[in-house]
Amino acid sequence: MAHTRTAIIAGNWKMNYGLKQAREFVQEILPALEQVVASYPHILSILCPPAISLETVHAILSEKPVPHIELGAQNMYFEEKGAFTGEISPLMVRELCSTVILGHSERRTYFGESDEQVNKKTLAALIHGLRPIVCIGENLEQYEMGETGEVIHTQIKGSLANLPTQQAQEIVIAYEPIWAIGTGKAATGEGAGKVVHLIRHLYGEMYGSEAAASLRILYGGSVTSGNISEFIAHPDIDGALVGGASIKADFVEIARKMVETMTQVVG
Ligand code: PEP
């Protein structure tokens with residue numbers, strides 16, 4: 001992980017933990033997580049509970065704000081308000097969150113989200129001062145057919161088109177190979193690192209070398225405290241988007257291992 005970029009450890013709780021469980025879980029992990037993020041100057045942790053639990057977690061985080069722990073939503077719509085039943089808008093997300101996950105593969109697969117829609121959401125997030133974590137990644141078949149590069153190329157060009165140049169550095173990309181999500185079969189640090197390197201290169205073609213150098217790119221897919229070091233040790237990988245392990249105490253352990261590895265790598 002390059003010294004100049006702040007690392008991110010984000011937890012995507014998916015559809016887990018309503019109000020009571022969210023409160024209990026955050027109260028359980030917060031003291032240790034605070035200690036970990038306070039022990040390294042260039043790390044940010046982002047908790048992404050389901051929309052219904054955002055306010056509960058927000059209230060706990062607001063009691064004693066820790067500068068390096070933030071809140072994120074798992075999705076949002078791109079319109080500001082109106083007749084869009086079941087959706088939440090950037091303005092609503094902004095009331096509680098700094099960040100929003102967009103284009104997660106589960107949204108692309110189960111809810112038919114296209115690159116075009118992800119792009120509209122990304123632009124809306126930037127307009128409203130939200131930090132988008134835009135997810136991209138190939139499925140198993142594409143991986144086995146050697147099509148990863150092509151898929152990544154299409155997703156980046158589509159999901160991240162037309163960004164205002166001055167905001168291109170605010171984007172975070174999560175490279176999440178779909179075959180690694182929730183399967184227990186993580187990519188290797190080297191394999192993920194190659195794709196992440198390609199992502200940075202493609203982003204540079206779109207928005208210039210300065211934006212590419214500042215871009216944070218996370219790896220996601222079966223990350224645990226047992227394999228995080230492998231990913232964060234790669235110079236192009238700036239952190240992780242964690243699913244399954246983010247609703248367990250292991251999330252803090254992952255953050256701790258990340259800090260330990262970054263301290264060894266960059267001193
Ligand atoms: C995810 O949902 O973004 C994810 C990476 O899940 P998991 O860590 O469970 O593979």
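A crossing of two helices is right-handed if the near helix is turned clockwise from the far one by less than a right angle, and left-handed if anticlockwise. Keep that in mind as you tour this predicted model.

**Stop 1: helix 1 and helix 2**

Select residues 19–38, which form helix 1, and residues 54–63, which form helix 2. Helix 1 passes helix 2 in a right-handed crossing. Two packed helices are described by the angle between their axes and the distance between the axes. Here the axes come within 9 Å and cross at roughly 30°. Angles under 35 degrees count as roughly parallel, so helix 1 is roughly parallel to helix 2.

Now show the side chains. From helix 1, pick Leu19, Ala22, Arg23, Val26, Gln27 and Leu30; they meet Thr56, Val57, Ile60 and Leu61 of helix 2. Sorted by class, this contact holds seven nonpolar residues, two polar ones and one charged one.

**Stop 2: Glu70**

Which strand holds Glu70? Glu70 sits in strand 3, residues 69–73. Select Ser98 as well: the side chains of Glu70 and Ser98 make a polar contact at 2.5 Å. Leaving aside residues up to four places away in sequence, Glu70 also touches others, including Leu44, Ser45, Ile46, Leu47 and Arg131. Leu61, which you selected in helix 2 a moment ago, is another of the residues that Glu70 touches.

**Stop 3: helix 5, helix 7 and helix 8**

Next, select helix 5 (residues 115–127) and helix 7 (residues 148–159). Their axes come within 7 Å and cross at roughly 45°, so the two helices are oblique to each other. Look for Asp115, Val118, Asn119 and Thr122 in helix 5, which meet Thr154, Gln155, Gly158 and Ser159 in helix 7. The residues of this contact divide into one nonpolar, six polar and one charged.

Keep helix 7 and add helix 8, residues 189–207. This pair packs at an angle of about 40°, with the axes 10 Å apart; helix 7 and helix 8 are therefore oblique to each other. As at your first stop, you can check the handedness: helix 7 passes helix 8 in a right-handed crossing.

Which residues of helix 7 meet helix 8? They are Thr148, Gly149, Ile152, His153, Ile156 and Lys157, and their partners in helix 8 are Val195, Leu198, Ile199, Leu202, Glu205 and Met206. By class, the contact of helix 7 with helix 8 has seven nonpolar, three polar and two charged residues.

**Stop 4: the ligand**

Now centre your view on the ligand. How many residues surround the ligand? There are 14, and the closest are Lys14, Glu176, Gly182, Ser222 and Gly244. Try drawing distances from oxygen atoms of the ligand. A polar side-chain atom of Lys14 lies 2.6 Å from one such oxygen, and for Glu176 a polar side-chain atom lies at 2.8 Å from a ligand oxygen. Gly243 offers a polar backbone atom instead, 2.8 Å from an oxygen atom of the ligand.

**Stop 5: two positive phi angles**

Most residues other than glycine have a negative phi. Stay with Ser222, one of the closest residues to the ligand: its phi is positive, near 55°. You will find Ser222 in the loop between strand 7 (216–220) and helix 10 (228–232).

Finally, select Tyr17, in the loop between strand 1 (7–12) and helix 1. Tyr17 is not a glycine either, yet its phi is positive, at about 75°.

How values were computed. Residues are numbered from 1 along each chain as its sequence is written. This is a predicted model: local features need pLDDT of at least 70, side-chain atom pairs count only at pLDDT 80 or more; totals for chains, interfaces and linings use all residues. Side-chain values use heavy atoms; hydrogens and water are left out. Axes are lines fitted to C-alpha atoms, for helices over the stretch in contact, and angles run from 0 to 180 degrees between N-to-C directions. Helices (H or I, at least four residues) and strands (E, at least two) are DSSP runs, numbered from the N terminus. Angles under 35 degrees count as roughly parallel, over 145 as roughly antiparallel, 65 to 115 as roughly perpendicular and the rest as oblique. Contact means heavy atoms within 4.5 Å. Ala, Val, Leu, Ile, Met, Phe, Trp, Tyr, Cys and Pro count as nonpolar, Asp, Glu, Lys and Arg as charged, and the others, Gly among them, as polar. A residue is near a molecule or strand if one of its heavy atoms lies within 4 Å of it. A polar contact is a pair of N or O atoms within 3.5 Å; within protein, one must be able to donate a hydrogen and the other to accept it, and residues adjacent in sequence count only if both atoms are side-chain atoms.
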